[in-house]
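Biologist: I have the sequence and the coordinates open. Could we go through them together, starting with the ligands?

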Amino acid sequence: MSPSRYHPSLRVLHWLIAALIIAALFMGTFVMARIQNSDPSKLFALLKHMTVGMLVLALTLMRLFIRPKTRRPTPMFSGITLADRLVPYVHRIFDVLVLVMIGSGIGIAVLSGLPGAILDGNVSQLPASFSNLPLHTLHVFAARVLAGIVALHVCGAFYHHFFLKDGLLSRMSLVARQ
Ligand code: HEM
Ligand code: HEM
């Protein structure tokens, strides 16, 4: 028989990864993109962003390793045919987008000499802007798509929880069931 909830390790990883991705999206859009590369505070903001990004990578690799070894609850349906067909793909697109974000982020860092600038603590080693790099365009585009899919995913989870009242959220909940 299928379990009624995801494996505890997958539940913990889901919420850790979700919190870190949301933090990276906010940090990137509302903090880093607004600081000029010539501003000395940029280095620390980039260091924090890159650390969060690399943590997401480590936890996502753990999730991808653990997931096939665990038994998962059977799919739950909302009754909206298109949404029900898309959900499995959306979950896999999350993984692809996260890997694109991290690959392009590392690419921007390497091509712009960011690790050296951080090690030397010298902001003048940074290019005037990252936006000339095609990988930066990809990073920004993937971030927008990721934010959109996260919003859809959250709406879906709330639709199940508040309208269908089918207990979907409890399958991913960290709280022990009464
Ligand atoms: C960046 C944020 C998030 C990402 C990347 C993400 C990703 C995922 C993925 C990949 C799955 C599928 C798990 C699997 O099959 O192993 C999933 C399931 C789930 N997520 Fe998220 N999630 C995020 C945020 C959220 C939030 C904020 C909520 C709730 C408000 C939520 C609620 C759920 C629920 C309830 C499931 C289980 C769905 C089911 O049992 O079919 N997620 N999430
Ligand atoms: C899940 C992981 C990540 C997410 C969600 C994310 C998100 C973002 C966002 C939203 C921006 C701002 C884009 C803009 O509007 O201009 C950004 C910029 C950037 N990210 Fe990431 N990022 C991630 C991982 C990484 C990693 C791992 C690195 C490097 C190792 C990195 C390096 C950068 C750099 C260098 C910028 C440019 C900052 C600027 O334009 O001033 N990111 N990221």
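Modeller: Certainly, bearing in mind that this is a predicted model. Ligand 1 is surrounded by 19 residues, and the closest are Ala18, Ile21, His91, Ala157 and Met172.

Biologist: Which elements give two or more residues to that shell around ligand 1?

Modeller: Those elements are α1, α3 and α5. The most comes from α1, which gives six residues to the shell around ligand 1.

Biologist: And how do the residues of that shell divide by class?

Modeller: Around ligand 1 there are 14 nonpolar, three polar and two charged residues.

Biologist: Now ligand 2. Which residues come nearest?

Modeller: The shell around ligand 2 holds 24 residues, of which Gly28, Ala33, Gly53, Gly105 and Ala143 come nearest. By class, this shell has 18 nonpolar and six polar residues, with no charged residues.

Biologist: Which helices supply at least two residues each there?

Modeller: For ligand 2 they are α1 (8-31), α2 (41-66), α3 (81-111) and α5 (134-164). The helix that gives the most to this shell is α3, with seven residues.

Biologist: Let us step back to the overall fold. How many helices and strands does the protein have?

Modeller: There are five helices and zero strands, and the order from the N terminus on is α-α-α-α-α. Along the principal axes, the C-alpha atoms fill a box of roughly 60 × 30 × 25 Å.

Biologist: What percentage of the residues is buried?

Modeller: Of the 178 residues in the protein, 13% are buried. As for contacts between residues at least 6 apart in sequence, 75% join residues at least 24 apart.

Biologist: Which residues make up the largest nonpolar core?

Modeller: That core has eleven residues: Ile17, Leu20, Ile21, Ala24, Val56, Val98, Met101, Ile102, Ala142, Ala143 and Leu146. The elements giving two or more residues to this core are α1, α3 and α5. Its largest share, four residues, comes from α1.

Biologist: Is there another core apart from that one, and which residues are among its members?

Modeller: Another core, of five residues, lies apart from it, and Leu43, Leu46, Leu114 and Ala117 are among them.

Biologist: Back to Ala24 for a moment. What does Ala24 touch, leaving out residues up to four places away in sequence?

Modeller: Ala24 touches His49, Val52, Gly53 and Val56 on that basis. Two of these partners reappear when one looks at α2, where Leu43, Leu46, Gly53 and Val56 are buried.

Biologist: What covers the buried residues of α2?

Modeller: The cover includes α1, α3 and α4 (114-120).

Biologist: Why does the end-to-end distance of α2 agree with the expected span?

Modeller: The helix has 26 residues, and at 1.5 Å a residue α2 should span 38 Å. The C-alpha atoms at its ends are 38 Å apart, so the two values agree.

Biologist: One last topic, the backbone angles. Which residue has a positive phi although it is not a glycine?

Modeller: That residue is Lys165, with a phi of about 45°. Most residues other than glycine have a negative phi. Lys165 is found in the segment after α5.

Biologist: Is Lys165 buried or exposed, and why?

Modeller: Lys165 is exposed, because 8 other C-beta atoms lie within 10 Å, and a residue counts as exposed at 12 or fewer.

Notes:
Residues are numbered from 1 along each chain as its sequence is written. Chains are lettered from A and ligands numbered from 1 in the order in which they are written. This is a predicted model: local features need pLDDT of at least 70, side-chain atom pairs count only at pLDDT 80 or more; totals for chains, interfaces and linings use all residues. A residue is near a molecule or strand if its C-beta atom, placed from the backbone, lies within 6 Å of it. Ala, Val, Leu, Ile, Met, Phe, Trp, Tyr, Cys and Pro count as nonpolar, Asp, Glu, Lys and Arg as charged, and the others, Gly among them, as polar. The expected span of a helix is 1.5 Å times one less than its number of residues. A residue is buried if 20 or more other C-beta atoms lie within 10 Å of its own, exposed if 12 or fewer, and partly exposed in between; C-beta atoms are placed from the backbone. Two residues are in contact if their C-beta atoms, placed from the backbone, lie within 7 Å. A nonpolar core is a set of buried Ala, Val, Leu, Ile, Met, Phe, Trp, Tyr and Cys residues joined through C-beta atoms within 7 Å.
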